[in-house]
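Biologist: I am new to reading protein models. Can we go through this one together, step by step?

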Amino acid sequence: KGKNVKQIFKAILFLFLTLNFTFADEIGKDTITMQEQNLTRQVDELCEAIMDDDYNKVKAMLDENPAILNTTNSDGDRPILKLLYAYSMSKFNLSAFDNIFEKYIEIFSNYELDLNFIEDEIISPLQMVVLLPLNDKDKIYLLDTLVKYGADINFSDNKGLPYILISATENEKIFDYLLNKNINVTNYLFWNFYDLIDLVNFNPNTNKLDNKILEAIKSKKYQILRNDAITRTNRLFKYHKISYFNKTKLELVIKFLVFTNDIECIKLFIKNGLLECDKEFLEKLISYTKEQKRDEILSLLKGGKNV
């Protein structure tokens, strides 16, 4: 009997402790939720103060709780993005931020301002600048200012491609500005041709030039993408020789050009240093070119001093 009572007592104690831990956990979650909501309300208030150009209130709020500077508001925006919105609006006479933008950035920098993040896994502050409805001069001013206060133009995705390049590709002036700033484009040559490679589903180990691929190469979409790729490649070659780019990805691009028998692009690559690459690399390309029976390209590649 005594043994049974002990077992019942243990069961009741276990149930009591389980319920209490569960209850404590729920209270803990509620407390965290309330703290998060309070923080969000503070960020909302800070963003309103920014939009109202209430400098004293902005400073007072950051003095009290610096963490709100790198936290999102109820719309999912950090204060720095609100400041960029405000500057953009000033160019349409909708806010007073034309001449005081840097004043706010300067005070933000005193509270560990983070400028290298992706908002909702979509856009970085530098990308946002490129996409704002501003002229290039104003965009470059914003880019220079953000870089001055810690933004990294080489802040990249997991493929090694700087986020800002994703947005700047079609803007020649901004693209040149970034190249002048020595942005890392070692992987960009590949991504420049990626849409073409993807369109024909190219794989150097398995592809055969069948009718389906020939139709894709002759399509209007392919020609538009190819022209765009050549334009961007010419911009890259204004700043970098072939040897600068990621060799593994470069090999794939050139094999793709051999596969599609794109003599014009091969000549462009040769003009910009392809034949100055090391002997082993060139021999790989020559071997693949022989397999594909591209005699004119083969003749061009054999003109290299390293072969």
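Modeller: Contact here means heavy atoms within 4.5 Å. Keep in mind that this is a predicted model.

Biologist: How many helices and how many strands does the protein have?
Modeller: Count the helices and strands along the protein. Strands come to zero, and helices come to 15.

Biologist: What share of the 307 residues counts as buried?
Modeller: A residue is buried when its relative accessible area is under 20%. Apply that to the 307 residues of the protein, and the buried share is 44%.

Biologist: Is L250 buried or exposed?
Modeller: L250 sits in helix α12. Buried means under 20% relative accessible area. L250 has 3% relative accessibility, so L250 is buried.

Biologist: Which residues is L250 in contact with, leaving aside neighbours within four places in sequence?
Modeller: Use the cut-off of 4.5 Å between heavy atoms. Set aside the neighbours within four places. The contacts of L250 are then L189, I242, F269 and F281.

Biologist: What distance separates the C-alpha atoms of L250 and T186?
Modeller: Along the chain, these two are 64 residues apart. In space, their C-alpha atoms are separated by 9.4 Å.

Biologist: Where do the buried residues of α14 lie around the axis?
Modeller: An α-helix has 3.6 residues a turn, so residues three or four places apart point the same way. In α14 the buried residues are F281, L282, L285, I286, Y288 and T289. They cover an arc of only 165 degrees, so they lie on the same side of α14.

Biologist: Which exposed residues does the face turned away from the buried side of α14 carry?
Modeller: Exposed means over 50% relative accessible area. On the face of α14 turned away from its buried side, the exposed residues are E280 and E291.

Biologist: Which helices do the buried residues of α14 pack against?
Modeller: Start from the buried residues, F281 among them. F281 is in contact with L250, and L250 belongs to α12. The full answer is α12 and α15.

Biologist: Are α10 and α11 parallel, perpendicular or oblique?
Modeller: Two packed helices are described by the angle between their axes and the distance between the axes. The axes of α10 and α11 come within 5 Å and cross at roughly 60 degrees. Roughly perpendicular would need 65 to 115 degrees, and roughly parallel under 35. That makes α10, relative to α11, oblique.

Biologist: Which residues of α10 and α11 make the contact?
Modeller: By class, there are three nonpolar, one polar and two charged residues. From α10 come A216, I217 and K218, and from α11 come K220, Y222 and Q223.

Definitions and conventions. Residues numbered from 1 in each chain as written. Predicted model: local features only at pLDDT ≥ 70, side-chain atom pairs only at ≥ 80, totals over all residues. Heavy atoms only, no water. Axes fitted to C-alpha atoms, helices over the stretch in contact; angles between N-to-C directions. Helix = DSSP H or I, 4+ residues; strand = E, 2+ residues; numbered from the N terminus. Parallel < 35°, antiparallel > 145°, perpendicular 65-115°, else oblique. Nonpolar A, V, L, I, M, F, W, Y, C, P; charged D, E, K, R; others polar. Buried < 20%, exposed > 50% of the residue type's maximum accessible area, 1.4 Å probe, protein only. Arc of directions from axis to C-beta.
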